[in-house]
Amino acid sequence: MATEDASRELAGSEINGVLSSMKDANKAKRRKALEKYESIVFENGEGTEQEELTEIFNYSASILGTCLSDPSEINRINASNIILKYIELSVFTEEKLLVIIPVIHHRLATVPCPEESEDVRLLYINILTGLISMFQAKMIAFMNDIVNILKEAVLDPSPEVRKAACECVCCYARATKDKFHMQSESLVKPLVKALHHQRFKNRIACIKALGDILLYGESRSIQDLSGPLAQCMMDIPQVRLVVVTVGGSLAMEMPDRYSYWQRIFPLLLSGLRDEDKDVKNKAESLWEDVGKKYEKENEEQLKEQIDFDAVPEHYPPTEKRPGVGCRSLVQKSLYHMLPGLLTDMDDWQAGPRLQAAKLLTTLVVNAESGITQYVEKILEGLVLASSDKEADVVKQVVECSEYLGYFVPPATYLPLILPRLGGGQYGERPLIVLSALARGTPAALLQESIAEIVEALANEDISHVTSQGHQSALLQVIHVLIEKCDPRDCSYSFFSVLLYIASTSEEQDTVSFAQEQLETLANKSGFDRVCTLYDLHLSAVLNTIHTTASSWNEQTPHFMIFLGLLELADQSLGRHLERVVGILCDCVPKKQDPFVSLKCLMKLHHLLKQEEHPLNSNGELERFLPVIVSDILKPFLPWHAGSTAAALRTAAVSCLVSVCQVGVASQKVSDEVKICLALIPALIEDDSEDTRHLSCEVVMNVVSSFPQLIDSETLHTLANKLVKRFDDVSAVVRLKSARVLAALFKHLPENYNPSIQTARLRDLYESATVFLDDPDEILQGAVSDALEEMGKISPEILKEVLEKDRPKFRNKHVCEKLIASMNNLQIAVVN
């Protein structure tokens, strides 16, 4: 009776008139009526009792519901705000849900959406959220309508509406958790689409909504959601933090979590290696809680592991060991997680590859020795990923491989990784993984397997590869083995591999690192100097490469090793000179590959001219120098057509210069140099400037080191050739020939008779005096010095030639100075 009385009272009140105006055809009147209604109820009636407000609402609810569909946007907004105020004041009654919810459903869930205003759509969602918060489980009766509304709203064009809709999903899932599973799957697809919104706050709201759908709805939806949620771990830190939080909630509270560990863990465990400190700390805290809860729930099965749990002696120093529950959970889930994870490591995008590598590292650390049964598949994935274009991915793969070495013994992983080293199918990738595995392996276990590893590395298919990446990776493996183990039993294999790398690499950093490893190998083998290591192994290396010396080409590995030895072995070469010379005799004169001959001659020249004389460290150079001259140098001195032959002649002549300078003047060496000297006049006129210059240098050195080889005939033959070089196109050759000519006549043969050589001397003087007028003043001086030295033999002839040509000279002072010098010589002879 009281309600009826209240209704009759309201029917006769001012509100009734306002309500009538709210139904007027004129939108302006409807607007004024809504404003007046709000003023009467909420502003002028501030002291109105809750019961009275409820009566007013019940009386006007149907008209307010009609206003929610008003053609005027401002009227819909005003009506929505009035309803929201009723909700805030908790005066909304349950029976009026039947009035409001259908209207909102019509305005938002009809396709296409009748509600064009995003402000109004936002208000409708806020009304719906308020009603859900107010009535909780009573909203189950409207599940179809609400879910249909939210399916459209979470994909609304307005970011604010989307965000509010996602929050409404969370609210509704919690309010109706007993029955929410009946409709929860309907929201999965729209929310997955909403995950890609450009605003990160919208993505966060969407992730939270999906988390609540899984917590309170149908658990099997995680099969569709785990992938999209895991991809959000490549988002900004704020988003990743929410994903980790959701993952932790699922691992702690999801009803069917025991059936879906493999789907839940990527969401939580991916945060354990996150770059952001907050995300990482949150993940560590949640993972620890998950492990403890699992231990508590499975206390009987895990009791023995918990009671006897102890940190292994060899454990990664940078890692905090997870609890028994965490380790047990991961070990149980590996079988399901690894296939998809290894597939992601070969994804076409870098982001998923990096996330997969990080997650695999986390699994290895948590599984510990339980990872052993899956090591074959894991190694296959790591090998493939170790050459990734992204440096971060490779870094993570190396870290994962290192941790794998902590928990898997060499006896298990070596049979799986060593066969992949050769054949070129995988390149340097297995070596990158092997070096990391060895770094993580206990030294004692690694020592037991060092012979097997080094034997595999020394195989020519692996050690004789010249690519920079391969050599760098191979060096890393050797570095780890030498540092962690006693290398003495495998010293030769280490030495041969390092020697090849040092001999062939084009990168100076790689060469330097290889030489550092040779020094470390020597120290670990008990030697003070690396040359002792060469002394120990050089004979075996030379024996090995000598067998193929006659068939070398520029790409032959043994040839590259030999060149490296000539450069690196230093004093050790002299202690094995017989074998070194034997190899040179086999590979140089055969001319099967001119490049081989040229490189060997260049190295030989370098060795012969060194002040330390490495080839003579054992005092045997005098014995083998004649062989070097006759069998190695002489074949290249005669002229042959072609640029290759010219280059070889130049190299041979340069070596001959060094032979003359080395300070060995035995009879056998002298005899061989004499034979070569007969070829020098032709070489002085060679087409190559370098050859002409070096040939002059040979004459200079023969004069100083082997003067007995210069007889009168040889003297004049060489002098004629040298004078002709005064007109050479090269200023360097012209100057050199003048100075050599002076030296030649300064050391005359013992039986030289000027009176017999008068005609030859006159010709020489006449040819040389022409160049006293040369435009090059330096050459003028050198020619003048040479003529003065030559004039000492027969000053009267030179004076006669000079006086005859004096009128022709532009630089008469040079001519007159020489004439005066010759006069003085004549006077001195007479006296």
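**Helices α38 and α40 in a predicted model**

In this predicted model, α38 and α40 are roughly parallel to each other.

Trainee: At what angle do α38 and α40 pack?

Mentor: The two axes lie 8 Å apart. Angles under 35 degrees count as roughly parallel, and α38 and α40 therefore earn that label. Their packing angle is about 15°.

Trainee: Which hand does the crossing of α38 and α40 have?

Mentor: Residues of α38, including Leu 741 and Phe 745, meet residues of α40, including Ala 786 and Glu 789. Where α38 passes α40, the crossing is left-handed.

Trainee: How many residues of α38 are buried?

Mentor: Helix α38 covers residues 731-746 and has 16 residues. Its cover includes α36, α37, α39 and α40. Among the buried residues are Val 733, Leu 741 and Phe 745. The helix is largely enclosed by the rest of the structure, because the buried count is 12 of the 16.

Trainee: Is Glu 789 buried or exposed?

Mentor: Glu 789 sits in helix α40, residues 777-791. Its relative accessible area is 16%. Buried means under 20%. So Glu 789 is buried.

Trainee: Which residues does Glu 789 contact, leaving aside its neighbours within four places in sequence?

Mentor: Look across to α38, where Glu 789 is among the α40 residues that meet that helix. With those sequence neighbours left aside, the contacts are Ala 742, Phe 745 and Lys 746.

Trainee: With which side chain does the side chain of Glu 789 make a polar contact?

Mentor: Glu 789 belongs to α40, which ends at residue 791. The polar contact is at 3.4 Å. The partner is the side chain of Lys 792.

Methods
Residues numbered from 1 in each chain as written. Predicted model: local features only at pLDDT ≥ 70, side-chain atom pairs only at ≥ 80, totals over all residues. Heavy atoms only, no water. Helix = DSSP H or I, 4+ residues; strand = E, 2+ residues; numbered from the N terminus. Buried < 20%, exposed > 50% of the residue type's maximum accessible area, 1.4 Å probe, protein only. Contact = heavy atoms within 4.5 Å. Polar contact = N/O pair within 3.5 Å; in protein donor to acceptor, adjacent residues only side chain to side chain. Expected span 1.5 Å × (residues − 1). Axes fitted to C-alpha atoms, helices over the stretch in contact; angles between N-to-C directions. Parallel < 35°, antiparallel > 145°, perpendicular 65-115°, else oblique. Left-handed = near helix turned anticlockwise from the far one by under 90°.
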